[in-house]
Amino acid sequence: MNSKKRTVKRLATLCLAAVLTIGMLAGCGADKNAADDKKEDGIDYLVLVNKLNKLPDDWEDKLTTEKFTNTVGDEVEVETKAYEAYLKLKEDLEKEDIHVDLDSARRSVDEQQRIWDDFTEKYGEAYTAKTVAKPGYSEHHTGLALDLYLIIDGKDVVENEDMIKYTDIWAKIHEKLPQYGFILRYLEGKEHITGYGYEPWHIRYIDDPEKAADITKKGITLETYLGEAADTDVELDYGKSEIFDKATLDEAFVQTKCYFASWKGCELHKLAYAGDDKLTNVKENLDWVNSLEGGGEYVKVMEIIGNFHSPKDNKGTAWEPDMEYEDYQFWLGMDEEGSWSVVSTGY
């Protein structure tokens, strides 16, 4: 598979969290718990770029990078120090007969804009907003985010669904990340904080082995370490269903959590499947979901109930301040390929 196709595929695996409820973006984060590591004459290796935090305007002017060609013939660009650290990690892994290469690293804002425009032309703006990172808000702009792929018995393993099977290999890789200044960026179970599903191949360079070890040991996200979000776990209630199996419900929960990550300052506590009885009028509910903005192609519908706490400072938002919201509705639609999207929220 060529580089363009793999890039499109990876973009399509992003959590569907870009459809935002109007007025819910502002809020309050947790108190700062990490020192300000900004460097006057260089880049900030702890920079946070996600769906709520834009790449600094002068980043690309300060960035220095290295380029190389990977084993499948694609050119990859990486921030200089991150590349040097990666080579040391790679060499260490090879001592244990674990072989990796980089599928992608830096992607410029202009390149992201071209991908955004291409998707919009082919699939429409609503689909693009749910599957492609908004230009300027992708961590790959930094040059510090690296996507690994595996080389097993001399063969390149680049597809996500194939790589995810090698759990033992990824565990060994993750164990070595901190000593070279890397962290695993998108942790399983923390999708409501990062906005992305678990990606064992997506690592992030922060240029400090001690801090990387601290983050890894605590099992927290970069958002939490920097004080941008509280470290919370979400209780999941599957209930009983004769319509959806556990794997399907898990996927719906993940997409809901990713969507929730855009509600800055809110803390998600629980998600529960609303039950088969809520889907008695399936056709009526499906027609309603498909009539909404961003709908139109869904083949199944689901209701999930959530409990969350609003920010203490609700300036500019629709939330009541410092309030526990219970039984809040998330309506999801499933497309023909089996992917869930949050289409509507509210009481």
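**Close-up views of a predicted model**

The structure holds 20 salt bridges, a salt bridge being a side-chain nitrogen of Lys or Arg within 4 Å of a carboxyl oxygen of Asp or Glu. This is a predicted model, in which local features need pLDDT of at least 70 and side-chain atom pairs count only at pLDDT 80 or more, while totals for chains, interfaces and linings use all residues. Residues are numbered from 1 along each chain as its sequence is written, and side-chain values use heavy atoms, with hydrogens and water left out.

**View A. The salt bridge between E60 and R106.** The closest N and O atoms of E60 and R106 are 3.2 Å apart. E60 belongs to helix 2 (residues 59-62) and R106 to the loop between strand 3 and helix 4 (109-123), so the pair ties together parts that are 46 residues apart in sequence. Helices (H or I, at least four residues) and strands (E, at least two) are DSSP runs, numbered from the N terminus. E60 is partly exposed at 34% relative accessibility, whereas R106 is buried at 18%. Buried means under 20% relative accessible area, exposed over 50%, and partly exposed in between (1.4 Å probe, protein chains only).

**View B. The salt bridge between K190 and D233.** Here the closest N and O atoms are 2.9 Å apart. K190 is in the loop between strand 6 (182-184) and helix 8 (191-194), and D233 is in the loop between helix 10 (222-225) and strand 8; the two are 43 residues apart. K190 is buried, with a relative accessible area of 7%, but D233 is exposed at 61%.

**View C. A salt bridge within helix 11.** K246 and D250 meet through their side chains, at 2.9 Å from N to O. Both residues lie in helix 11, four residues apart, which is about one turn of the helix. K246 is exposed, with 51% relative accessibility, and D250 is partly exposed, with 23%. Elsewhere, E139, R185, R204 and E223 are joined into one network by salt bridges that share partners.

**View D. The open sheet of five strands.** The strand order is 8-9-10-11-12, with mixed pairing; two strands pair if DSSP finds at least two bridges between them. Strand 8 (235-237) and strand 12 (340-346) are at the edges and have a single partner strand each, so one side of each is left without a neighbour in the sheet. On average, neighbouring strands of this sheet are turned by 30° against each other, direction ignored. Strand 9 (residues 267-273) and strand 10 (residues 300-309) run antiparallel and are joined by six bridges. K270 has N307 in strand 10 as its bridge partner.

**View E. Helices against the sheet.** Helix 11 (residues 246-260) packs on the sheet and touches strand 8, strand 9, strand 10, strand 11 (324-334) and strand 12; its direction makes about 150° with that of strand 9. Contact means heavy atoms within 4.5 Å. Helix 12 (residues 282-291) lies across strand 10, strand 11 and strand 12, at about 70° to strand 10. Axes are lines fitted to C-alpha atoms, for helices over the stretch in contact, and angles run from 0 to 180 degrees between N-to-C directions.

**View F. Positive phi at D97 and D153.** Most residues other than glycine have a negative phi. D97, not a glycine, has a positive phi of about 60°, and D153, also not a glycine, has one of about 50°. D97 sits in the loop between helix 3 (80-94) and strand 3 (100-104) and is exposed at 59% relative accessibility. D153 sits in the loop between strand 4 (145-152) and strand 5 (155-157) and is exposed at 77%.
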